[in-house]
Every structure is written in structure tokens, then in C-alpha cells.
There are 2 protein chains.
Amino acid sequence: MKEITPRGLDITRWYTDVVLSAELADYAPVKGCMVIRPYGFAIWENIQRILDGEIKALGHQNAYFPLFIPESFLKKEAEHVKGFAPECAWVTRGGQEELEEPLAIRPTSETIMYAMYAKWIQSYRDLPLLINQWANVVRWEKTTRPFLRTTEFLWQEGHTVHTTEEEAEEEALTILGIYRKLIEENLRIPVIVGRKSEAERFAGALRTYTLEAILSDGKALQAGTSHNLGQGFSRAFNIQFLDKDGMLKHPWQTSWGVSTRLIGAIIMTHGDDSGLILPPDVSPYQAVIVPIFFDHGKEEILSAVEKARSILSEEFRVHADLREQYTPGWKFNEWEMRGVPVRIEIGPKDVKAGKVTLVRRDTGEKFQPSLGDALKIALQDSLRALSDRVYQNARNFLHSHTVFTEEYSELQQKVREGFVKTPWCGQEKCEGKVKTDTGATLRCILLDEKPEKRAVCGVCGSSATSLVVFARAY
Amino acid sequence: MKEITPRGLDITRWYTDVVLSAELADYAPVKGCMVIRPYGFAIWENIQRILDGEIKALGHQNAYFPLFIPESFLKKEAEHVKGFAPECAWVTRGGQEELEEPLAIRPTSETIMYAMYAKWIQSYRDLPLLINQWANVVRWEKTTRPFLRTTEFLWQEGHTVHTTEEEAEEEALTILGIYRKLIEENLRIPVIVGRKSEAERFAGALRTYTLEAILSDGKALQAGTSHNLGQGFSRAFNIQFLDKDGMLKHPWQTSWGVSTRLIGAIIMTHGDDSGLILPPDVSPYQAVIVPIFFDHGKEEILSAVEKARSILSEEFRVHADLREQYTPGWKFNEWEMRGVPVRIEIGPKDVKAGKVTLVRRDTGEKFQPSLGDALKIALQDSLRALSDRVYQNARNFLHSHTVFTEEYSELQQKVREGFVKTPWCGQEKCEGKVKTDTGATLRCILLDEKPEKRAVCGVCGSSATSLVVFARAY
């Protein structure tokens, strides 16, 4: 059995142990890259299925744009190139020839997409244009960790075009809501929602909205972002439409994305010292059936396993582990470590009683429904109860690791352990001071909460205009 | 309305006109690359859904491996590097640094995958290993055409590992069957099935199986391939397993793939002078509803459209084209050009009679079922009839453009117009002569048909050992 380092001993090693032992991913023989193994990829496929459905229900369509971005395209939007060029991988040779112009591997696709949009959009009738792409992207990172930060990762990037600022703003916020639903309701990870400061917003955006999760080491993880791009890119790429009033105008744009990094957030949020705990909506298997037999009774037990599987397989993702080279005990540990929400044991006593034994991954609680419709109901109940409990635990953790203060000394101390909520004067100088002094960044300006009257900036003590969250981050 | 060049006038221009006008794809501002637009991408999503289901039903799991392949990996299998290195795109700079070792953008993933397989496989218990990947790949091509040959394209690549040669051979042939089913039954494209000659097989493979379609200009298109890789890669990458008999052995491998090129085959096989005809199983929309109203009656007609849509939308992919800036006639032409299998017209007379008018894309035949369950049945029937008819047409074309000969002069002449079936002596020199003299290649050695006794090679006249097909190819 593979050993998992206890979380309390070394959370970084625990994370790596779990990723490797559960066969979610492996280190690739290419700097900073990972291989997403089938068990990890199945989580991504489940995330894709849920999110793709939501995105399409809102009228977006999928498309595919080139991997390569000519250097000159990247340079068209001044802020954008400053943000991304330093971390691009460059193709300089194709076949046997040196290229005249180097091609960046897309770090994000604004520039290559918007060059096409300029061609496709002529009239208000062509708008809104609602396109999404599932793709791989590359950012040349110095320090990497599987899922959380890798040189290549998988994501979806939505890129929409609108006639008015209001419509673009509504789109950016609608998508933020879709992301929040995915992350909170399906992945069971609580997030705080807000807007990025000028210093932290997406290179080239007017406004960046973000969802910030807290991981079990108290650091923040940016789990998804949605940008109102304003007209910056439409000016840079000369996208224009003839409006109803006969005027030629630059449209308003949005872009937004979530990535395989969400899998890192799931691991860090729900795991325990025995390994993973996977939220049922995206777990590759929602239940694993383990037969327990010794010298005799094998046939009856295997036929009960088959019956249980056929009862469940229409509504649930169920796997029967029939491998004969491993003991039941070994399998219990294995599937516990791999985070399957419910284990179903079927042994001689169960068969005799016409029952099966359900064991919940998070609490170890056992249930013994009859092998029939009662099993379906018991599994549904267990999955729902586990799902709610891991979310509640994560919420409690977020709340107990979020401290409000207006005192800079307390801010400096508490930001080492979690989120610090503080009033802010809005000056970049104060934001920068926190970063220099503690390494923490301004994660977001809260949307729903305003500072009290007379609240003062937690850094400089002058009058505050907004409530923000500081934290160290991945 | 966009003009489509008649096929008889210039099939190459017809193809490009259709791809651009139907908004399947557009030329990207990067050499040899295309943008797959939503309408084209939806066809790919439908192909993916069907094929992914079949592949998973056979026990394969999806995974994701890095885009980058170190040059040294590519060099490990001697034939493989010779085949692929000349057409690789190379990353030589990452972030601000020159790389010590150039990284190829994957042209195919054997080498990066098998480096990992060597790590994962220890015992016969780890086999068979059945992995598939949906990914983008890059081959630096000189002449390109949207879908049929592009620098970057999308595909799936399966890579399996087995304990015995028999099992690997069975896998390669099983997948060939899955591909054939997809291409013939879903895409309605007839293919000939065979094995590649030594000169034409995949670089590094023991045996390559292929499916060859004939396009409407008489050229062959390799629509899918499946390779028994033998032990070449497992030796080169030092993949070994401890067998049941206690011996350390090199396993047998397969790899196989189909790509977005299938969309090119659909266009070329089924199109006519009015544009596309899409096979119902993969058409983005199986039916489009067009309301026809003038000064009054709009409400009743729109409510009939809504009723038709709700009756059909559970079982079919249906789109109601409610745009007010276009006339019904314009919409008829538009959806005809875009290849939607059935158009549903709903006008004042239809509403009065409680009926709708179905129009088949391929024959123009009209049907007038009642607006109720009869509509479902009529649409189902029309889709099935269209599906069968386009397949039958394509089969007739394949048969009428396949000529058998043992005479070299006839071979040389007929190979300009289509497939030439001929006995072959098995010598590479004869295969090469055809290529030099006519530009045609040996597409495949037929699996199910053998030459008659005393048959002679269509090139050199000596005794023949197999029956083969020559054709010019994409």
C-alpha cells in the first residue's frame, strides 16, 4: 500500500502523494508538464459535461482556433503583450525552415480569436457573438505543481462580443454566476466573489471578476475569472459593427475561463489523511462495489454484486472491483485513498440477509439497505449527505480562516494563516505595501459587502472606499 | 446570397466555397491553419460523442499527455523519427530562455506516451492498458486545404498495450471495425478496408490497417488507420512486464486515430451544386423550421413553430430560424447550402390544415404530416431515407469509379479517374513505378479479396500474391 504523508506533517507532500497514489496525474518528462491519468481525466470530463451544458444553454457555441499566435498579434494590445509575452513558449522552426515570425503557443486566445472576429462581424445583426473553446494552453512557469500550476493545462475560454457595455457587463456577471454554481454546488468548494484591483486584473481587461477559494493551507486559489474587456481589444483589432442607428461602432467584449486547476482545488479542499474525498457530481465512480468471499459462496456473492451493479448503473457511476489478486481489505484502503464517496460491501452475511453494506467515505458510517430499490435510495441519500457535509466543512474552514481587521499589524500576522478582510482606501501603494511586507496579494474587492461608515484602510488608516480580501495565493 | 462554384466547373473551388459559405471553417492568419467555426465544430462534437461512446464501451479510458515532445524522445525509435521529424514544429524558446533541448509539438504521441507507459507497466496485471486521447496535433505541411490537410488538426489517438501479439492484432482489427462502423453507418461514407504496404505503413509500425474513401474527384482519402505496432516501441522505450510465467517480456502495442479530416470527407462525399448535404447522425441540426408569414397570421404561425419544435426537440436536433431580417426564400437557400437534412416549412396554409411541410434536402421531396406525433414519424422516416440514399449514391460512385485491370496501360489511364484494383507481385519496385509514372500510391492490400489463381501483377506481369488498390490521394 502506498503511504500518504499526513496533512499535519507536510501538506505539500500530502498533496503530491495523493495526486500520484490515486493516479490522478504523473510528472511528465517535460519541464513543468504533467500527464493527466485516466482517473484524473474522468474528473475533468465530468466538469466539462456539466459546464458545457450550462454554457450551451445560454446560447454559446463551441469552436476551435489555432494553437499558434503570431508575435505581431500578441503585440496589438499593449497591456496584453506585457502580461503574457514573458511566459510564452515560442515556435521558431517549422519543418526544416526557420520561421520569419516566431509563433507563440497560445497562453490565452484573445488575439487570435479577435483577428477573426474583425472579419466576421459587420452589423449589429451579427451580435451578440457567443463562442467558447475547450483547449490546451501553455504558460512557461518557473515553479509548478500538478493541476494547481503547470506549464501546459486544459481549460475552456469563452469570448463574447456585444453591442453595449451593459450587455457585456451582464454577460461577465452571468458567467461568474455559472462558475460559482459549478464550483459551489457541484465541486462543493465555497468561494468568495469579487472584482480584481487595477494591479491584479487581466492584462487588457476593463474589469476582472474572480472566484477565490481557500485551500487547506490557508492560501487562496483563483478558481475562475470573468472579464469585461471593454473596447480595448475591439479597438486594437479593429472590430467594428454598423449599429441600428447607422453608426460604425466598436463592440464590447468579454472573456472568461476555468481550468484543470479546479481539480487541484477539489483535492486540497476535501482531502483528509486517508487521501481524496471526491464530490459525487464529478467523481469518476460514485460508488465502488467490493465483493467479500473466502473459500465458498463466491457464486452467490458475485451474482449479488452483478445485481447491485445493474440496479444502480442506470442512475449512478458504479464500478465493481472484481480483481482477484487483491484482498477486500486492500481494496477498501485503495478506494478510500482514491476518494470514492461510497463503498458497497457484499459479503456472505449480506447475501444471507438479502442486504448490502454501504460505507460513507467521509464519516465511515454504515448502512444496510436491502438489495433492491432501497439500495438506490440509500446510495442517493449517502451521496447527498456526503456532498452537503464536505461543503459545510469547507465553509466552516473558510469562515474560521477569514479574519476582519483594520489594524495593519494584525493584518500582517493573520494573512499568514488565511484570508484577511479589511477596508481599503483604494490606493495601489497600500496594496503594494502588503505584498512587499507579507507576500500576500489583494485577492478581490468584495461585490456584496461595503465598508462601514468611517471605516479606515487596514494598511494606511485613511478613509476606506471598499472592503477587500488579502491572502497569499497559488 | 453567396455563390457556390458548380462542382463540374471546379471541384476544388466548390469545396472551398462550401467550407467558407456554410461557415464550417475559415482560413486562419497562421500558415496552413484553419479556424473551425461553430457549425463545423458541432459536426466534430457529434463525431466525438459517437466514437467516444464506442471506444469507452470497449474498456478504453481517456487521458491527456503533454503537447511537447523532447527531441531525444522522438529519436528513440529510428523509423518513427525519420517519418515525423521533417514535419515537426519546434519550440526553441520558453519565457525568456533558449531551451537546451528543442521541444517538438506532438505530431502524434507514441513517444511521449510510451515513456510514461514504461514507468506504469510492471506486471501482466497492468495489462491490457487501454488509453485514448482527444487532442490537437501539428504537422508542418506545405500544401493545405481546410479539414483535408491542415498544419494543426484535431483527432483522437488510441494507444494500447497487450501481453501477446494475438491480442494486439485483435485490438487493431476491432478498432478498424469501430472506425468502419462510424464512417459507413454514421457518416454514410463507403470505404475499402485493407492493409498498407511496407512503403506506406506508419513509421514504426509492424502492420498498418486503413480505411480508404473515394472523394468525388476520384482521389482516395485515408479516413482512419489502426496500427499493430509490434514490439518496436516497447523495445525502444524499454517497456517490460513480468509475465505469469515469471519472465520479463516486451509487450505488444497498437495505436490508432481518426481526425477532423473526416469532416472533409463528409463534405466531398455528399455535397451537390447547392452545397452541403449532412448525414443526419452528425448534422448540427437534423431539421430547421422556417416560418412563412406575411402581413397577418404571424402569431398562429409562430405558435405552430413552437409546437413543432417542442414535439421534436426531445428526439431530434431541431432549430427554428426566427430571424426577421431574412425572407423565407433566403432561409430555404441558406439551410439548403448548409446541408440540413430536412426543412420544415410552416405557413398560413399549413396552419389552417393543422399540418406542416417537410422538404428533404437530397431529393426535394415534400411531405405534409399533421402537427403531432405524425410529424415525429415523418421526420424519422425522412432522415432515415436520406441517410440510406446518400450512402447508396456514394456506394454507386465508389463502384463505378473502381476498375479492375491487369494491364499496366489501363492502370495508368484509369488511375486518373478513380480506384484501380489490380493483382500485385508484392515488389516495392512495382509500387514505386506506379507512383513515378502516375503520382498514384498503393492505397491498400485488400483483406477480404485474394487474386485469382494465375493472376499477374498489373505492373510487371509476374505472378501476383495479393490484390491491391492504387489511387491518387489527398
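Modeller: Two strands pair if DSSP finds at least two bridges between them. That cut-off is needed for the first case, and the model it is applied to is a predicted one.

Colleague: How many bridges join β5(A) to strand β5 of chain B, and do they run parallel or antiparallel?

Modeller: In general, strands of a sheet pair through backbone hydrogen bonds, either parallel or antiparallel. Here β5(A) and strand β5 (residues 89-94) of chain B are joined by five bridges and run antiparallel. To find the register, take Ala89(A): its bridge partner in β5(B) is Gly94(B).

Colleague: How many residues does each chain bring to the contact?

Modeller: Chain A supplies 55 residues and chain B supplies 54. Between them the two chains bury about 4700 Å², with 63% of that area on carbon and sulfur atoms.

Colleague: What is the count of residue pairs in polar contact between chain A and chain B?

Modeller: There are 24 such pairs between chain A and chain B, with both residues at pLDDT 80 or more. On the side of chain A that touches chain B, strand β5 (residues 89-94) of chain A gives the most, with six residues. The residues of that side divide into 35 nonpolar, nine polar and eleven charged.

Colleague: How many salt bridges are there between chain A and chain B?

Modeller: The general idea is that side chains of opposite charge can pair when their charged atoms come close. Between chain A and chain B the count is four salt bridges. One of them joins Asp26(A) to Lys119(B), with the closest N and O atoms 2.8 Å apart.

Colleague: And over all chains, how many salt bridges does a search of the whole structure find?

Modeller: The search finds 64. Consider Arg443(A) and Glu212(A), whose closest N and O atoms are 2.8 Å apart. Arg443(A) lies in strand β22 (residues 441-446) of chain A and Glu212(A) in strand β10 (residues 207-214) of chain A, so this salt bridge ties together parts that are 231 residues apart in sequence.

Colleague: Is Arg443(A) buried or exposed?

Modeller: The cut-off for buried is under 20% relative accessible area. Arg443(A) counts as buried because its relative accessibility is 5%. Its partner Glu212(A) is buried too, at 0%.

Colleague: What are the values for Arg93(B) and Glu98(B)?

Modeller: Arg93(B) forms a salt bridge with Glu98(B), the closest N and O atoms being 3.8 Å apart. Arg93(B) has a relative accessible area of 23%, so it is partly exposed. Glu98(B), at 57%, is exposed.

Colleague: Where in chain B do Arg389(B) and Asp362(B) lie?

Modeller: Arg389(B) and Asp362(B) form a salt bridge with their closest N and O atoms 3.1 Å apart. The pair links distant parts of the chain: Arg389(B) is in helix α12 (residues 373-400) of chain B, while Asp362(B) is in the loop between β18 (357-360) and β19 (366-367) of chain B, 27 residues apart. Arg389(B) is partly exposed at 34% relative accessible area, whereas Asp362(B) is buried at 13%. In chain A, salt bridges that share partners join Arg360(A), Asp362(A), Glu365(A) and Arg389(A) into one network.

Colleague: Back to strands. In what order do the five strands of the open sheet in chain A come?

Modeller: The order is β16-β15-β17-β18-β19, with mixed pairing. The edge strands of chain A are β16 (318-320) and β19 (366-367), each of which pairs on one side only. Within the sheet, strand β15 (residues 287-291) and strand β17 (residues 342-346) of chain A are joined by five bridges and run parallel. Ala287(A) stands opposite Val342(A) in β17(A).

Colleague: Which residues does Pro291(A) touch, not counting those up to four places away in sequence?

Modeller: Pro291(A) belongs to strand β15 of chain A. With 5% relative accessibility, Pro291(A) counts as buried. The residues it touches are Ile301(A), Leu302(A), Val305(A), Asp321(A), Leu322(A), Pro328(A) and Ile346(A). Of these, Leu322(A) is 31 residues from Pro291(A) in sequence and 7.1 Å away in space, C-alpha to C-alpha.

Colleague: In chain B, where is Val342(B) found?

Modeller: Val342(B) is in strand β17 (residues 342-346) of chain B, and it counts as buried at 0% relative accessibility. Leaving aside neighbours within four places in sequence, its contacts include Ala287(B), Val288(B), Leu358(B) and Leu383(B).

Conventions. Residues numbered from 1 in each chain as written. Chains lettered and ligands numbered in written order. Predicted model: local features only at pLDDT ≥ 70, side-chain atom pairs only at ≥ 80, totals over all residues. Heavy atoms only, no water. Contact = heavy atoms within 4.5 Å. Buried area = accessible area lost by both parts, 1.4 Å probe. Salt bridge = Lys/Arg side-chain N within 4 Å of Asp/Glu carboxyl O. Polar contact = N/O pair within 3.5 Å; in protein donor to acceptor, adjacent residues only side chain to side chain. Helix = DSSP H or I, 4+ residues; strand = E, 2+ residues; numbered from the N terminus. Nonpolar A, V, L, I, M, F, W, Y, C, P; charged D, E, K, R; others polar. Buried < 20%, exposed > 50% of the residue type's maximum accessible area, 1.4 Å probe, protein only.
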